[in-house]
Amino acid sequence: MDDATLATAESLRVPPGLDSQEAQARLRQYGYNEVASAPRHPIQRFLGKFWAPVPWMLEVAVGLTLLLGHQLQALIIALLLVFNGVISYLQEDRAERALALLQSHLKVQARVWRDGRWQTLAARELVPGDVIHVRMGDIVPADLSLADGNVLVDESALTGEAVPVQKERGASLYSGSVVQRGEATGVVTATGGKTFFGKTAELVKVAKTRSHLQQTIFQIVAYLGTLDAALVLAMMVLATIAHAPWSQILPFSLIVLIASVPVALPATFTLAEALGAEELIRHGVLVTRLSAIEEAAGMDVLLSDKTGTITENRLSVRQVVALTNSDPQVILDKAALASDPATQDPIDLAILAKASAARPSELSLRYVPFDPARKRASAIWRDPQGQEWEVTKGAPTVLAQAASSVPSQFSAALEEMAAKGYRVIAVAEGRVNGPYALLGVIGLEDPPRPDSAPLIRRLAALGVRTKMVTGDTPNTAVAIAQQVGIGSRVYQAASVEGQSSEQLDGYDVFAGVYPEDKYRLVARFQAGGHVVGMTGDGVNDAPALKQAEVGIAVANATDVAKAAASMVLTEAGLTNLVTAVDTSRRIYQRMRTYTLNKIVKTLQIAVFLTSAYFVTGHFVTSPRLVVLLLFANDFATMAIATDRVHPGNKPARWHVGQLVEVAGALALVMVAQAYAVLWWGLSWLHLAWPQLTTLIFLMLVFSGQATIYAVRELRGFWASRPGSTLLAASLGDVAAVALLAHFGWLMAPVAWSVIGGAAGFALLFLILADVIKRVSLRHVAIE
């Protein structure tokens with residue numbers, strides 16, 4: 001019926017509705033029917049990218065470099081800082097986008113009884129107490145209490161349950177659900193942020209992903225900065241005792257401090273993640289937050305939604321039990337007579353898909369759709385002899401009461417199917433207006449995807465434990481979990497409040513979970529030290545997807561879920577998640593190489609340059625060459641982001657303290673090598689001091705390149721071939737520095753034999769450092 005023929009409120013069993021004056025008063029009291037947000041100005045969001053520990057360090061480095069009069073170097077660091085900020089800004093805050101999408105869902109029209117007549121108003125103007133009417137195809141605009149009529153609604157985007165729910169008078173209808181069949185009138189009970197839908201939006205707003213990357217970089221710089229500060233302080237104390245000129249000591253001290261800042265570290269991480277994101281796009285994974293690539297390397301717990309993620313989100317006939325001597329296929333064909341494809345009811349579609357043939361329309365007289373009062377659907381048909389029959393399907397208990405007798409195996413069949421988590425319907429038949437005879441029962445299930453079980457086994461082999469999180473009943477959830485290899489230990493409590501990560505870790509399945517519990521569940525596991533992945537497809541999953549370090553929206557996810565997630569799968573299923581884990585662990589291997597190399601080089605430079613000043617009474621290299629060294633090493637080694645590596649079989653974690661231990665052992669070897677080169681230049685070659693500073697510069701560059709190949713493999717450095725780009729970058733760096741040294745550009749010139757000698761020392765160091773590395777790794781847990 002159209003709006004003009006809607007019944008009056010008086011003819012329905014509903015309150016009289018509101019007048020405009022009362023509606024305006026309530027609008028001022030409750031606010032608009034939308035999720036409130038306070039978006040920040042784009043400039044404010046961009047500037048916010050420069051207000052964090054790592055940007056602070058780069059900003060300090062710019063200031064110190066300007067104080068030393070090195071404008072070009074300061075400009076390069078500043079450009080790196082801006083580069084990092086722009087990349088971060090382009091990966092916009094996902095919560096704001098999710099909220100915008102939630103608001104767009106609320107911007108629908110509603111049929112409202114106001115001022116004694118039906119009106120069509122914007123849904124944002126609804127207030128508690130309004131009387132509204134919904135019908136097939138409508139998105140429910142607010143939470144309602146039904147006063148009249150009945151509807152079949154799809155709540156899968158809110159609750160995660162695949163089966164539509166029948167709603168009758170007195171039932172609650174939630175904002176964001178979709179009416180699939182019927183129509184009804186109800187009273188608005190909640191609007192905006194107070195609705196079930198809106199509360200989910202508020203959770204998306206407050207959810208915040210932890211950034212292990214920023215913490216890792218800050219830890220690295222804290223270690224290096226503390227050591228350098230101690231060395232500089234010691235140098236100043238000794239320089240004061242020795243009456244050394246402060247005009248020389250202060251600039252050199254600032255240079256040593258600048259050398260401890262990982263100028264290119266954020267840019268290298270960003271570059272590696274961007275390259276990984278491009279690779280993942282080719283494998284059906286769209287990365288919406290770059291840091292999720294690094295986080296996925298350490299993911300050890302995956303909380304997976306069931307409906308539409310592990311399962312196909314469609315009902316399928318799983319078991320048929322005949323209660324007579326009939327063949328099970330006959331039971332399905334009888335049930336198909338009482339099914340109608342036009343309704344698009346999931347149960348009807350599942351039965352029709354298994355029926356042996358289409359319903360013989362010439363025999364069918366009338367179809368009676370499902371009625372909540374009768375709890376069954378029926379069809380009247382005529383057999384070839386002209387006898388009229390009624391076949392019906394519906395709730396087993398209802399049909400059993402209407403049957404002339406109940407077979408002995410009926411109860412056992414129901415119990416068996418219920419234990420498997422099936423949705424059960426009964427099929428009966430009889431003459432019109434006569435008693436029914438129970439023919440059989442049919443068990444239906446939302447089946448697992450064919451790729452779910454292999455995926456979970458592959459993730460387990462990679463050290464990632466998969467746990468199911470669903471709003472379904474325990475029996476249904478456990479049945480699916482056992483089929484795909486997740487397990488059967490089920491958590492059935494109403495809430496996860498008060499449960500520790502250790503307690504929750506003992507369960508495989510979390511059933512009957514509400515959206516806020518999914519969010520809290522992610523937070524509980526994070527509090528226990530886990531790096532958490534979360535998969536989902538509906539609005540109910542959005543807060544947890546935003547909170548998780550790795551939020552993964554599947555291909556058929558709602559826009560809200562995709563906006564809250566950090567990764568979106570563009571192909572059906574979760575198979576490409578394994579590719580994402582594999583890619584992220586390869587990126588981790590590259591970043592570990594870069595980080596370990598940076599720590600070793602920083603320790604070598606700080607310790608050697610500081611101690612050599614007191615040994616020789618001179619600065620063994622110039623501030624200009626130290627800055628040149630900083631960029632020669634850092635920017636050439638950015639090619640590590642493209643290195644050929646092999647991912648590990650365990651979740652990767654940043655153990656910065658252990659990295660520093662290994663780096664310390666290697667740095668001691670490098671300092672010894674540096675003194676050997678210094679002795680060679682002074683006592684063997686008898687170089688003048690300007691040429692000696694060039695030799696030391698060459699040694700630091702060549703040994704820096706050797707360090708890359710010593711630390712890129714936890715096995716022997718020869719165990720795998722480096723990437724072509726990395727090899728080209730190293731050769732280019734060595735060649736450029738050799739040419740600068742030989743022709744005396746930016747430094748005193750030296751002979752090719754001196755350059756070759758410095759390279760020979762670097763090769764000897766590579767062999768010795770490889771031995772020290774493998775000995776050191778026996779005592780640490782670096783993956």
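Reader: In which helix is confidence lowest, and in which strand is it highest?

Author: This is a predicted model, with a mean pLDDT of 82 for the chain and 84% of the residues at 70 or above. At the high end stands strand β16 (residues 465-469), with a mean of 95. Confidence is lowest, at a mean of 43, in residues 94-106, which form helix α5.

Reader: How many contacts beyond near neighbours in sequence does the stretch 8-12 have in the model?

Author: Over residues 8-12 the pLDDT is below 50. Where pLDDT is low, the predicted coordinates should not be read in detail. With that caution, the number of such contacts for residues 8-12 is 9.

Reader: Which residues touch the most other members of the largest nonpolar core, and which helix gives the largest share of this core?

Author: The core has 126 residues, and L303, M567 and F608 touch the most other members. Beyond four places in sequence, the contacts of L303 include L521, F525 and V532. The largest share of the core, 17 residues, comes from residues 575-616, helix α23.

Reader: How far from D446 is the nearest side chain of opposite charge?

Author: D446 lies in the loop between β15 (437-445) and α17 (452-461), and D446 is buried. A salt bridge requires a distance within 4 Å, and D446 has none. The nearest side chain of opposite charge belongs to K306, at 4.2 Å.

Reader: Which backbone nitrogen does the side chain of D446 reach?

Author: The side chain of D446 makes a polar contact with the side chain of T311 at 2.5 Å. At 3.1 Å, the D446 side chain also reaches the backbone nitrogen of R314.

Key. Residues are numbered from 1 along each chain as its sequence is written. This is a predicted model: local features need pLDDT of at least 70, side-chain atom pairs count only at pLDDT 80 or more; totals for chains, interfaces and linings use all residues. Side-chain values use heavy atoms; hydrogens and water are left out. Helices (H or I, at least four residues) and strands (E, at least two) are DSSP runs, numbered from the N terminus. Buried means under 20% relative accessible area, exposed over 50%, partly exposed in between (1.4 Å probe, protein chains only). Lys and Arg count as positive and Asp and Glu as negative; His and the chain ends are not counted. A polar contact is a pair of N or O atoms within 3.5 Å; within protein, one must be able to donate a hydrogen and the other to accept it, and residues adjacent in sequence count only if both atoms are side-chain atoms. pLDDT is the predictor's confidence in each residue, from 0 to 100. Contact means heavy atoms within 4.5 Å. A nonpolar core is a set of buried Ala, Val, Leu, Ile, Met, Phe, Trp, Tyr and Cys residues joined through side-chain atoms within 4.5 Å.
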